[in-house]
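Grab a pencil and have the model open next to you. These short exercises are about charged side chains and their surroundings, and each one comes with a worked solution.

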Amino acid sequence: MTAVLFVLCCAACVTVKNAPEDARFLEAQKAFDEGQRLTTAGQYTEAVPHVERALNLREAVLGEMHPEVASCLDLLGRVHWLRGGYADAESLLQRALTIREAALGKSHPDVATSLNNLADIYKRQELYARAEPLYERALAIQEASLGKNHPDVATSLSRLADLYYQQWFLERAGPLDERALTIREAALDKNHPDVAASLSSLAHVYFAQGHDKRAEPLFERALAIREATLGKSHPATASSLNILGNLYFFQGHYELAEPLFERALAIREAALGKDHPDVARSLNSLANFYRKKGLYAQATSLYQRALAIREAALGKNHPEVADSLNDLACLYWAQGLYVQAEPLFERAITILEATHNPALAFPLHNLASLYAKQGLYAQAEPLLQRALAVKEATFGKSHAQVAEALADLASIYEKQGYYERAKPLLQRALAIREAALGKNHPDVARSLNSLAALHEQQGHFTQAEPLLQRALVIQEAALGKTHPYVAQSLHNLASLHEERGDYARAESLFQRALAIRESTLGKNHPDIAQSLNRLARLCLAQQRLSEALSLFERAFSVSEEHLRQEVFGFSEARLASVLHLLRVDEERLYALARAHLDDARVRQLALTAALLRKGRSVEELADTSRIIYRDLGQADHEAFDRLRALRTEFATLSLVGPGKLSPAEYQQRLKALADQSDSLEADLSRRSALLRALHALPSPAEFIDKVATALPSDGALKRFFSTLRADLADQQWPPLPGTQKEAEAIQRLLPQAQLLLGPAATKQALLRLETPGLLHIATHAFFLEDAPTPAATRAVVNASLLDAGPARRPADPLLRSGLVLANALAQGTQPGERRLEDSLVTALELAGMDLWGTQLVVLSACETGRGDVKLGQGVYGLRRALVVAGAETVVTSLWKVDDETTHELMEGYYRKLLAGQGRTSALREAMRELRQKKSHPYYWAPFITIGQDTPLQGLVPHTEAQPAP
C-alpha cells in the first residue's frame with residue numbers, strides 16, 4: 001500500500017490581480033503545464049527540466065514569495081519525491097508551505113495540500129511521528145473549508161489511512177479507507193484514478209488482515225481502472241500489478257503471479273530508473289517467487305540488487321533495508337547456509353527494534369525457526385514467544401500469522417517431548433486457521449497433520465486417525481488427488497495403519513502414495529526411495545522377502561543416484577541429509593543381511609551397499625566437490641558454480657513439488673533442469689579427470705549386477721556379516737542393581753524425566769528419541785578387545801572374543817563399540833533365545849541419532865570413552881559417535897566402573913547441575929565428594945567430560961505439570 005496518487009494543488013489557478021502581461025509569464029505557464037502532464041503520465045525524469053524552467057521564470061517575473069512560485073515548488077518537490085530524491089523534495093516542499101502560509105493564510109486549502117505532500121516525504125522515510133500531525137492538520141483544514149465530502153478530504157483520509165497501515169494499525173486504517181472510497185465514488189466517476197487509489201488502499205488492509213478473498217476483487221478493479229485511465233506503463237499501474245502478484249503468490253497461484261511481477265519491474269525500471277526504491281520492491285517480489293520455486297541463483301542476484309538500492313536510497317537502517325535482509329537470510333536458510341543467514345536476521349531485528357516496527361515479528365520468527373532447525377531449542381523458544389506476542393498485538397489473536405507462530409512454537413515443544421505444552425498450541429492454531437481461512441483450506445490440513453503426529457507419537461492412534469483422514473480429504477479437494485502433498489498425507493495414514501498392524505490397509509495407501517509421487521515427482525526423486533523402503537519393510541513384516549528385496553534394490557538405486565548429486569553442493573543442511581541417508585539405509589541393509597545370511601540376493605545387495613557406502617562420509621563428499629573445483633581451470637570455475645546452482649534448483653524444485661503446475665508441466669521443468677546440468681557436467685568432464693571418473697561410475701543397478709559375478713564362493717561374505725554376531729551373540733550379562741538405584745535417584749531430582757527401566761529400556765526406544773534435552777544411559781557397554789571382567793561392573797564379559805581372532809572383527813571401531821540394552825541374554829538364559837540385533841546398539845547407530853540440541857549425554861557404563869585412535873581424527877568410539885550426532889557435552893568412562901559407587905557419583909553430579917554449576921565443574925565437585933568416602937581413584941575418577949562446561953538450561957528441580965523431555 002505504498003502507491004499514492006497525488007492530487008495537484010490549485011495554486012497555479014489562483015487569481016492574481018494585475019498579473020503582468022509578460023511573455024515570460026506565458027512561457028512559464030506553458031512549461032508548468034507540460035511538467036504537470038509528464039508527472040501525471042509517470043514520466044518523472046522528463047518532467048524535471050520543464051518544472052525547473054517554470055520556477056525560474058515565475059521567480060523572475062512574480063518574485064520569490066508568490067503563490068504561483070509555491071505551486072512550482074510543490075510540483076517539483078513531488079517529482080523529486082517520486083524519483084526517490086527525498087532530501088531535495090523536503091526542502092522544496094518546506095519552502096512551498098512557508099510561501100502559502102504567508103500569502104494565503106494558515107487555513108487555506110492549498111496549505112493543506114502542502115502539508116499532505118510534506119507528510120508523504122516523512123512517511124516514506126518512516127518518520128511517522130513527524131508525518132501524523134501534518135496529515136491531521138491538513139484533514140482538519142479541508143473539512144472546515146471544503147466540507148466533509150469533498151474529494152480533497154478523501155485524499156487526506158487516504159493518506160492518513162496509509163500512515164496507519166504502514167504501522168500495522170489496521171483497525172484505524174480500514175474505516176478511513178472505506179470513508180475515502182465512499183466520498184470518491186460519490187463525487188467522481190467510478191473509473192477515476194482516485195477511486196482506484198482508494199480501492200487499492202482498502203484492499204491492502206483486507207489482505208493484511210488475512211481476508212485475501214475480499215482484497216482480490218478490489219485489487220483487480222483498481223488495476224483495470226489504472227490501465228484504462230493512466231495507461232499500461234504508468235508507475236501506479238505497476239503498483240497494482242505488483243500487489244496483485246503478491247496476492248496470487250500468497251494464494252499459491254504462482255503461474256499467475258510471475259508475469260505480473262515481471263511486468264511491474266519492467267514498468268518501474270523504465271519510468272523511475274533502475275535505482276528507485278519502488279524498483280527494489282519489484283525485485284524483492286520477483287526474488288520471493290524464484291526462492292519459492294527453488295531458483296536460488298536468480299533469487300540471490302535480485303535480493304542483493306534490491307538491498308543495494310535500498311541502502312543507497314533510504315540509508316542502511318531503514319525498515320525496508322531490514323525487509324531485504326530478512327528475505328536474503330531466508331534464501332540462505334533455504335539452501336542450508338545457516339552461518340550466512342543468522343547475521344542477516346540479527347541485523348534486520350536490530351533495525352526494526354530501533355524503530356519499534358511491528359514487522360519485527362517476521363525476522364524474530366525466522367531466526368527462531370533457524371535455531372529450531374539446528375536443534376537449538378533453548379535459543380529458539382524465547383524468540384518465537386516474542387514473535388508471537390508481537391503478532392498478536394499487531395494482527396489480533398485470531399490472525400493466520402498468529403496460527404503460524406503457534407504451530408512453530410508447538411513444534412519446538414513436541415521435539416523436546418513436551419507434548420502437553422504442544423497440544424493446546426496446535427489446537428489453537430487449528431481453530432484460528434479454520435475461522436480465518438475456512439475449514440477446507442490447505443493450511444488447516446497442515447494443522448490437522450501436526451496434531452495427528454502428536455497423538456501418534458504418544459500412541460494415541462484412535463485420536464490420530466480421523467485427523468489424518470480429514471487432512472487427506474481437504475488436500476484432495478483443494479489440490480487434486482495427484483498432488484505430492486496428498487501423497488504425503490497418504491503416507492502418514494499408511495504409517496499409522498502399519499503401527500497398528502493393519503498391513504493390508506497400510507500397503508494400499510503406501511502404493512497409492514508411491515504412484516502419485518512417481519507421476520508428479522519422477523521415478524528418481526528422494527521421496528520415491530522413502531515410499532519404496534516403507535513398502536519393503538511392510539513386505540518383510542509379512543515374510544514376503546522376495547518382494548521386499550526388489551523394493552529395497554530399487555530404493556537403494558534411487559538413493560545412490562541422489563547421493564551422487566550431493567557431491568556438487570555441500571551446504572550444512574544437505575550434508576546433514578546425506579549423513580542421515582548413509583546411516584539409515586546402510587544399517588537397514590546390514591540388519592537384513594544378518595537376518596538372512598544364507599540368501600545370495602540379500603548378500604549381494606548388502607555387499608553392494610558396503611562397497612559403495614563404506615568410507616563415504618559427509619567430509620568425503622564435501623572434499624570431493626572441493627577437489628574437483630580446484631582441479632578445474634579458472635575459466636571453468638564459473639561453469640562449475642552454474643552446475644552446482646542447477647543441481648540445487650533441481651533438488652529444491654523436486655522437494656517443493658508442482659504447486660499449481662500440471663504433472664506434465666512439472667516433469668517438463670524438471671527435465672529441462674536435468675538436461676541443462678547433464679550437458680554442463682559432460683562439458684566440464686572433458687576438462688577434469690576427477691569429474692570424468694565420477695561421471696563414468698556405473699549406475700547402481702549395473703553395480704549390483706557386477707557384484708553378483710564377483711561374490712566369493714568360500715563363504716567369506718557370510719563371515720563378514722556374521723562377525724559381530726559370532727563375537728557377542730552368546731555372551732551373558734550380569735545384573736546391575738545399581739542402575740535402578742541410580743535412575744530412581746535422578747528421577748527424584750528431575751521428576752519430569754522419562755524413566756525407562758528393565759524391559760522398557762530397548763534399542764528401539766533409544767533410537768526413536770526425538771532430540772532429548774538430556775540423555776542418561778546406565779547399562780553395560782562393550783569395546784571388542786580381550787580383558788578380564790571384575791564382578792559387579794558394567795563391563796562386557798568378553799574373555800572368549802580372541803578365540804575367533806581379530807581378523808574376524810569389523811575394521812570400523814564404530815561397529816566394535818556400543819551399548820547393551822534390554823532383550824540381551826541375562827545370566828541363566830539359554831543362548832539363542834534372543835536376537836542380538838534387538839539389544840546391541842553400535843556406535844555407528846548412535847552417530848545417526850539426532851542429538852542436535854541435546855545439552856548433555858551421560859554414559860554411565862564402563863569404558864565408554866575408549867576406542868581406536870585415528871591419526872589426526874581422534875578416538876573413534878562411543879564418545880565420538882555422540883559428538884557427531886550433535887550432543888553438546890558427553891560424560892564417558894575410562895575404565896570399568898563399580899556399579900554401586902557409580903550411582904552415588906551420578907546422584908551427586910545431578911545435584912550439582914541443578915544447583916547451576918557447569919557441566920564439567922559439577923562432575924569435578926561430585927568426584928571430590930565421593931573421594932572423601934572412597935579414596936582410591938578407581939571409584940571416584942573414572943568419568944570425564946567432553947564439550948561445553950556452561951550450566952544446563954531449562955532444568956526444573958521440582959515437580960511441574962509437564963511431560964518428560
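A salt bridge here is a side-chain nitrogen of Lys or Arg within 4 Å of a carboxyl oxygen of Asp or Glu. Keep in mind that this is a predicted model. Searching the whole structure turns up 41 salt bridges.

**Exercise 1.** Work out whether D278 and R281 are buried or exposed, and where the two lie.

*Solution.*
- Start with the distance: the closest N and O atoms of D278 and R281 are 3.9 Å apart. The cut-off is 4 Å, so the pair counts as a salt bridge.
- Next, place the residues. Both sit in helix α13 (residues 277-292), three residues apart, which is about one turn of the helix.
- Now the surroundings: D278 and R281 are both buried.
- Finally, look at the partners. Through shared salt-bridge partners, D278 and R281 belong to one network with R310, E320 and D323.

**Exercise 2.** Find which helices are linked by the salt bridge between E904 and K933, and sort the two residues by exposure.

*Solution.*
- The closest N and O atoms of E904 and K933 are 2.7 Å apart, and the pair forms a salt bridge.
- E904 belongs to helix α39 (residues 899-914) and K933 to helix α40 (residues 919-933); with their positions 29 residues apart, the pair links distant parts of the chain.
- E904 has 31% relative accessibility, so it counts as partly exposed.
- K933 comes out at 62%, so K933 counts as exposed.

**Exercise 3.** Do the same for K912 and E929: which helices hold them, and how accessible is each residue?

*Solution.*
- The two side chains meet in a salt bridge, at 2.5 Å from N to O.
- K912 is in helix α39 and E929 is in helix α40, so this pair ties together parts 17 residues apart in sequence.
- K912 has a relative accessible area of 16%, and because buried means under 20%, K912 is buried.
- E929, with a relative accessible area of 42%, is partly exposed.

**Exercise 4.** Describe the setting of A322: which helix holds it, and which residues does it touch?

*Solution.*
- A322 is found in helix α15 (residues 319-334).
- Its relative accessibility is 1%, so A322 counts as buried.
- Leaving out residues up to four places away in sequence, A322 touches A348, I351 and L352.
- As for R347, it is 25 residues from A322 along the chain, and the C-alpha atoms of the two are separated by 7.3 Å.

Note on methods. Residues are numbered from 1 along each chain as its sequence is written. This is a predicted model: local features need pLDDT of at least 70, side-chain atom pairs count only at pLDDT 80 or more; totals for chains, interfaces and linings use all residues. Side-chain values use heavy atoms; hydrogens and water are left out. Helices (H or I, at least four residues) and strands (E, at least two) are DSSP runs, numbered from the N terminus. Buried means under 20% relative accessible area, exposed over 50%, partly exposed in between (1.4 Å probe, protein chains only). Contact means heavy atoms within 4.5 Å.
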